[in-house]
Amino acid sequence: MLRSSQSCCECAWTRYYESRDATHYREFCKARNKVKSMIKKDRKVRERRIAETSKSNSKNFWSYVNSKRKTKSGIGELQHTQKDGKTCIASTDLDKAEVLGEFFTSVFTTEDNHDYPPVEECEVNKPFSDTHFSVEDVNKLLKNLNITKSPGSDLVHPKILYELADVIDTPLCMIYNESYETGLVPENWRIGQISALFKKGDRKLASNYRPVSLTSIIGKTMEKLIRNKITEHMNTNNLFSDRQYGFIGGRSTALQLLTVLDIWTDALDHQEQIDAIYMDFMKAFDKVPHGRLVHKLKSYGISDRMCIWIKSFLTNRKQRVHINGNYSKWHNVASGIPQGSVLGPLLFVCFINDLPDSVLSSVYLFADDTKLFRAVSNKNDQDTLQNDVDNLFDWSTTWLLKFHPDKCKVLKVANKRSRPSSTSYQMNTYDGGRITLESVDCEKDVGVSIDSNLSFMKHISTQVNKANQMVGIIRRSFTHLDYRTFCILFKSLVRPHLEYANCTWSPYKKKDIDTIENVQRRATKMLPNMQDLSYPERLKKLKMPTLRYRRMRGDMIETFKILAGIYDSRVTSGLFERVTSSYTRGHNLKIAKKRSNLDVRKNFFTNRVVDLWNSLPNYIISAKNVKTFENRLDRYWEHHPMYFDHEADYCAINIKAHQPGQKSTAEVEPNTEEPAMLLLSEQT
C-alpha cells in the first residue's frame with residue numbers, strides 16, 4: 001500500500017515537472033501528504049510493536065536504536081604482541097578475530113591426568129539413577145525453547161525445533177538416549193562459534209573480552225536433560241554448599257546480599273568491624289581442568305556413565321571467533337567450560353562447591369564471585385582471616401583454578417564513629433612472591449556497589465545515571481512516544497536499573513529517595529500535554545506507581561518468598577525470627593523485630609519490613625504462590641497514599657486506614673471486597 005502510494009506521488013511529481021500546471025501541483029501535494037501520513041502511521045505502529053516486545057526480546061529494540069545512531073559500536077582496534085616482541089594493532093575484522101582467538105586459547109590450563117588431589121567422598125542417601133530420557137521430557141523442552149535465540153554452528157534455528165516439536169521429539173529422544181548410553185557426543189555439539197563480549201577496562205586489550213560460545217540448539221536441549229538429572233541428585237542429597245548462591249534453584253544475588261548484609265549490619269550495630277576480601281579468579285570458566293572436574297563429580301555420587309558422557313562433552317572441543325562474518329582459524333579447547341552452554345554453569349558450581357570448607361571465616365559465592373569476610377575485633381581475628389586467605393590460595397593451586405592477586409581487594413566496613421583499622425592483608429603469587437592486597441572504599445558485589453559505611457550512595461548515583469541514559473536513548477530513538485509506548489519502555493528498560501536488588505540498598509534518607517524518584521519525574525514530563533501537570537497527576541494519568549511504593553511492595557514480595565519457602569530454606573533460616581507466642585493477634589507468619597541502635601541496622605531489610613509485614617491480613621499471607629500474593633497485595637494497597645505520592649510520610653501510614661469498608665487518607669473509596677470475594681474473583 002505504501003509503495004503504491006509512493007509510486008503515485010512520483011508520477012504526480014513527474015506530471016507537474018513536465019507541465020508546471022497548478023492543478024498537477026495540487027495533485028502532487030495531496031499524494032505527498034498521503035505518503036507522509038502513511039509513513040508516520042507505519043512508524044508509529046512499528047515503534048509500538050518494538051516497545052511491546054522489548055521485555056521478552058530486546059534484540060529488536062537495540063537493533064532499532066542502533067539504526068538511529070550515527071556512531072556504530074562494536075569491537076574496535078586491538079593491541080597484540082607478536083612473537084618478536086613488537087606491539088601491533090589489529091584493525092580489520094579478520095585480524096581482530098585472529099587476535100581474540102589466540103588469546104582465548106592462551107588461557108587454557110594444562111593438567112596431569114594421572115595425579116589428582118584426594119577428595120572426600122560425600123555421603124549419598126539416594127544413589128544416582130541412570131534412567132532413560134522420555135519423549136514427553138524432550139517435547140516439553142522443545143516447546144519451551146526461546147525462538148529469539150541465535151542458532152549454533154549447525155545453523156538449525158530454535159524456531160524450527162519449536163514448530164516441529166511434535167514431529168521430531170521421538171527421533172531426538174532416541175538420539176539422546178543413544179548418546180548417553182554410549183558416552184559419545186556428536187562432533188557438531190562440540191563446535192563453538194565464539195562471540196566476544198566486552199567486560200570492562202581498555203577496549204584495545206583482548207584480555208578485557210569474554211568468550212561466549214554459540215553451540216547447537218539440539219545439543220543444548222540434551223544439556224538441559226543432563227543438567228536436570230545432576231541438579232535433582234545434588235538437591236536430593238543436599239550436596240550443594242549453603243554458601244553458593246549461583247545457578248541453584250531457590251537462590252539469587254539479592255538473597256545472597258541480604259544474608260551477607262544482615263551479618264554486616266548486625267556487626268556494625270555491635271560496634272564491630274568487618275574486613276571483607278573480594279577474590280578474583282583468572283578466567284575462571286576457561287581454566288577449569290576437565291580431569292579434576294570429573295574426579296569431583298564422582299565424589300558426589302554421579303554415576304560412571306554420566307561422568308563418561310560429561311568428559312566426552314568437555315574434551316575434543318573446537319572453537320573459532322566470529323566478527324561481522326569473518327572467522328578466525330579453529331582452535332582446540334584444552335580446558336574450561338564453554339560459556340554460553342546450558343550445562344556449563346552447573347558443572348562450575350560443582351567444581352567450586354568445596355571451596356568454603358577450606359576456611360574458618362565466612363565465605364560466600366555466586367558462581368566464581370568470591371568474598372571472604374570476618375568480624376574483626378582483635379589481632380587473633382585478623383590472623384585467622386589472613387590464614388584463610390592463604391588457605392584459599394592453596395586450594396586454588398591444588399585445583400588449578402588460580403586467583404588474580406592484583407585484582408583481589410580488601411573492603412573494611414566500619415561504623416562512622418570508629419575508624420577502620422589499618423591492618424593490611426597479603427596473598428602469595430604464583431611465581432613465589434607475596435603482595436599486599438589493595439584496600440578500597442567501595443567494591444562492586446554481584447551488581448551492587450557496597451561502600452565502607454553501607455550508605456550505598458555510589459550505587460544509587462551509578463544506577464540513576466544508567467537509568468537517565470536509557471531515558472535519553474528512548475527519547476532520541478522513538479519519534480511517536482505516546483503514553484502506552486512510554487509506559488512499556490520505561491517499565492521494561494528503565495525501571496530495572498533502579499530496582500535491581502533494591503531490597504538490600506533501599507534508601508531511607510530523603511535526598512536519596514528524591515534522587516531516585518527524579519528519574520521517573522523527569523521522564524514523565526517529556527510526554528505531550530504532561531508539562532503543566534504535577535508529578536502525582538502525571539502518575540495518575542499514566543497509572544504508574546511511585547518508585548518508593550514499588551520498593552515497599554518489593555520488600556513484601558521478598559519477605560513472602562523467604563517465609564513461605566519459595567527461596568531455599570537452607571539458606572534463609574537465619575534471616576527472620578518467627579513469633580511463636582500463641583497470644584499474638586494476626587496471621588501465623590509474624591516475625592519479631594530485632595533490637596538495634598544504629599540507623600544502618602534499623603533501616604535494613606530484616607528490621608524495616610517487620611511492622612508492615614505483621615500488619616498484613618491473613619488472606620494475603622496465606623497465598624499459595626508469588627503471583628497470588630502479588631495480586632492480593634495490589635488489591636489491598638489499591639489506594640495506598642504512597643502509590644502516587646512518594647513524599648507521603650512512611651511512618652504515618654496506618655494500614656488500618658485501608659481495611660475494607662474504610663476510607664483512605666486521600667478520601668478515596670478503597671476496594672470493599674471481602675477476602676472471600678477476593679478469593680472468588682481470583683479463581684474466576
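**Exercise 1. How many disulfides does the structure hold, and how do Cys11 and Cys88 count by accessibility?**

Start with the sulfurs: a disulfide here is a pair of cysteine sulfur atoms within 2.5 Å. The structure holds zero disulfides. Before going on, keep in mind that this is a predicted model, where local features need pLDDT of at least 70, side-chain atom pairs count only at pLDDT 80 or more, and totals for chains, interfaces and linings use all residues. Residues are numbered from 1 along each chain as its sequence is written, and side-chain values use heavy atoms, with hydrogens and water left out.

Next, accessibility: buried is under 20% relative accessible area, exposed is over 50%, and partly exposed is in between (1.4 Å probe, protein chains only). Cys11 comes out at 38%, so it counts as partly exposed. Cys88, at 22%, counts as partly exposed too.

**Exercise 2. Find the loop of Ala367 and describe its surroundings.**

Step one is the strands. Helices (H or I, at least four residues) and strands (E, at least two) are DSSP runs numbered from the N terminus. Ala367 sits in the loop between E9 and E10. Strands pair if DSSP finds at least two bridges between them; E9 and E10 (residues 369–376) run antiparallel and have five. One of these puts Phe366 opposite Asp369.

Step two is the backbone. The hairpin has two residues between its strands, and Ala367 has a positive phi of about 60 degrees despite not being a glycine.

Step three is burial. Ala367 is buried because its relative accessible area is 4%. As for E9 (residues 362–366), four of its five residues are buried, so the strand is largely enclosed by the rest of the structure.

Now try the same on Leu454. Its phi is near 55 degrees, again positive in a residue other than glycine. You'll find Leu454 in the loop between strand E16 (448–451) and helix H15 (457–477). With a relative accessible area of 6%, Leu454 is buried.

**Exercise 3. Which residues of the largest nonpolar core touch the most other members?**

First, the rule: a nonpolar core is a set of buried Ala, Val, Leu, Ile, Met, Phe, Trp, Tyr and Cys residues joined through side-chain atoms within 4.5 Å. In the largest core, with 90 residues, the answer is Phe61, Trp264, Ile450, Trp613 and Phe629. Helix H9 (residues 253–269) gives this core its largest share, nine residues. There's also a second, separate core of 70 residues, including Leu142, Tyr180, Met222 and Phe285.

Then zoom in on Trp613. Leaving out residues up to four places away in sequence, its contacts (heavy atoms within 4.5 Å) include Met556, Phe560, His587 and Phe629.

**Exercise 4. Is helix H11 enclosed or open, and what covers its buried residues?**

Count first: eight of the 10 residues of H11 (residues 290–299) are buried, so the helix is largely enclosed by the rest of the structure. Among the buried ones are His290, Arg292 and Lys296.

Then look at the cover, which includes helix H12 (304–314), strand E8 (331–333), helix H13 (344–351) and helix H14 (379–398). Finally, step just past H11: Gly301 takes a positive phi of about 90 degrees.
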